[in-house]
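Thanks for coming. I will go through some strands and then a pocket, so please have a look at the model first.

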Amino acid sequence: MTNHKDNVQPYCPQDNLRGILSSVFAKWKTQLPKTEEIASHLPDDFDKKIKKILLAADIQTRVQNPLKSALGGKPFWDGISFVHTPHNLLSIAERLGIAVERTSQFCYVRDSSLRLADHSLVTPYSSKNLQQATLRTHSSNLYCSRTAASHTANQFFNIWSGQTRSYVARAKMLSYTYIEGGNVYIVTNKRGERKALVGVDHLVQTFHMLELEGRSWHDLSKIAFPNKTYEKLQGQIVSQLKPGEIEAAAREMFAQDLLQHNGKSGLITHKNQLDFMLMKFFAYGKFKESVRLHDVLYKIALEKGIINAFEYQASDQRVAVDYLTKIHIVKGLLAKELGVRYGDLHFVTQVNYHLDLFITPGPSHSLFVTNYAMCVDLLEAMKGLQLSQTDLHHLERYIVTAKKLDSELGGLLKEVETELQQAGFDVVRAPGNFMYESATMYSEFPMPSGGFNINFMNALTGRSDAGAQYYITHGAQAGDNLGKMLMGAFCLFLKQYVPQIEVYYIGQSPDNDFSEAMDWWNRLETQSGIHCTTLELEWS
């Protein structure tokens with residue numbers, strides 16, 4: 001165990017990286033408004049002055065599983081270790097003048113609570129129907145190919161929201177809305193509008209929780225829209241319908257077990273969802289590169305009876321309009337409970353299970369968004385460095401994986417960029433997620449822990465009382481020196497926007513070993529960072 005007095009210093013990028021990466025950064029740079037072009041009174045989510053944070057308690061339950069390791073011929077681990085990460089943060093907090101309060105036991109603090117537009121602390125609405133609501137949401141995502149899980153065979157994108165169970169006792173529970181704190185940002189755009197950016201999964205999950213509870217939608221409509229009756233809202237929906245919207249809604253209903261044809265729906269059960277995941281993993285090597293994964297998966301799933309085919313029928317229109325009306329009401333409820341206007345509520349495509357895995361507030365009211373094409377350019381440029389054979393091997397695998405993910409997920413990330421731009425934010429494309437697929441990855445199952453995935457997007461940002469801007473995230477360890485080079489590269493990326501920013505990498509032991517940090521991003525059951533395990537309690 002480290003001592004919390006260990007002095008974690010701001011990271012210093014390697015000098016030889018600057019010239020190598022300058023052309024890459026120039027190519028991808030987003031021109032942001034100058035400070036004087038934005039009203040100074042607007043709350044800035046990137047450099048807010050954090051006075052106090054809540055930090056999850058230490059936990060050390062990570063042990064090697066001898067049976068799994070023997071069967072797999074490589075190390076398999078059970079449990080987690082959260083020791084160096086919090087103690088590194090305690091050291092940094094002392095340096096930055098941030099008070100720290102610890103929880104009594106380990107929990108994902110951020111994900112079990114959220115801050116509203118008025119800064120009040122709340123917890124998600126809890127219901128015995130959450131599990132069933134989550135099942136229906138995931139079924140719809142897979143059936144309609146709306147998330148990364150049906151676009152890539154990489155297992156690290158198979159994680160879902162809807163699993164949070166531990167809540168911060170001091171906070172008031174929301175009355176209708178299920179939202180996990182890592183899947184929502186309530187942030188101010190450059191026009192001064194306070195926006196709620198919510199992962200779209202929570203729209204569907206909240207709808208199903210209310211539907212399964214048998215809530216009166218007429219009563220809920222009066223709460224969400226006091227001046228409109230349910231019938232008036234329904235008429236409004238009909239008048240604003242776009243081509244194909246009714247059929248798309250009917251397909252969603254079919255996938256969520258809300259609509260049946262000949263006594264059958266398209267609901268993908270828990271067992272069949274697992275079969276779906278296994279199928280895409282083992283069949284991936286047989287797909288042609290020109291074929292879209294989700295198209296092939298749908299076809300194979302139909303042939304194997306994992307899903308039922310949907311064919312639109314004229315009789316679906318009435319129930320689809322009813323469904324769209326209820327979804328509209330849920331949006332109204334979410335806006336009301338989050339403390340924003342209906343027009344300031346925006347739903348974001350789930351490229352991963354939480355938004356804070358691929359989106360981070362940036363300077364000048366911008367948003368950093370992961371971009372795998374930029375990662376490719378950065379990695380290709382790093383071939384110009386003097387690297388060991390081990391580093392070159394790792395570099396090549398990072399490049400291959402980034403190209404693959406850009407091809408598979410680039411479309412979804414483009415949707416995200418459009419959604420954020422429509423909400424009034426400048427999007428800054430970021431090289432913040434380096435995934436690593438070994439050459440034999442798709443011939444191995446399950447994937448071992450101890451991999452080389454890196455995520456710099458899940459972070460704490462702010463400005464100290466002394467005026468220093470900072471960015472705190474998990475560090476990296478790959479190859480001989482490649483992990484250090486990638487930390488340096490991301491540090492330089494941030495400094496082109498904020499030259500004096502202090503970048504801190506945590507999850508390291510006293511001898512500068514980042515194994516704990518890497519473990520968090522290379523286990524299917526964790527995939528979380530410091531943003532997930534902290535919560536701002538006081539700031540200005």
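Two strands count as paired if DSSP finds at least two bridges between them. Helices (H or I, at least four residues) and strands (E, at least two) are DSSP runs, numbered from the N terminus. This is a predicted model, in which local features need pLDDT of at least 70, side-chain atom pairs count only at pLDDT 80 or more, and totals for chains, interfaces and linings use all residues. Residues are numbered from 1 along each chain as its sequence is written, and side-chain values use heavy atoms, with hydrogens and water left out.

First, an open sheet of three strands. The order is β13-β14-β15, and the pairing is mixed. β13 (359–361) and β15 (427–430) are the edge strands, each pairing on one side only. β13 and β14 (residues 367–370) run antiparallel and are joined by three bridges. In that pair, threonine 360 stands opposite phenylalanine 368.

Next, β1 (residues 50–55). With β21 (residues 534–539), β1 pairs in the antiparallel sense over five bridges; with β6 (residues 99–102), β1 runs parallel, joined by four bridges. Lysine 52 stands opposite glutamate 538 in β21 and opposite alanine 99 in β6.

Now, which elements give two or more residues to the lining of the largest pocket? They are α4 (130–143), α5 (201–212), α7 (230–239), α8 (245–255), α11 (316–338), β12 (345–348) and α13 (389–422). α11 gives the most, with five residues. By class, where Ala, Val, Leu, Ile, Met, Phe, Trp, Tyr, Cys and Pro are nonpolar, Asp, Glu, Lys and Arg charged, and the others, Gly among them, polar, the lining divides into 16 nonpolar, twelve polar and eight charged residues. A pocket here is an open set of points on a 1 Å grid over the protein atoms alone, where a 1.4 Å probe fits, with protein on both sides within 12 Å along at least five of seven lines; lining residues have an atom within 4 Å of a point.
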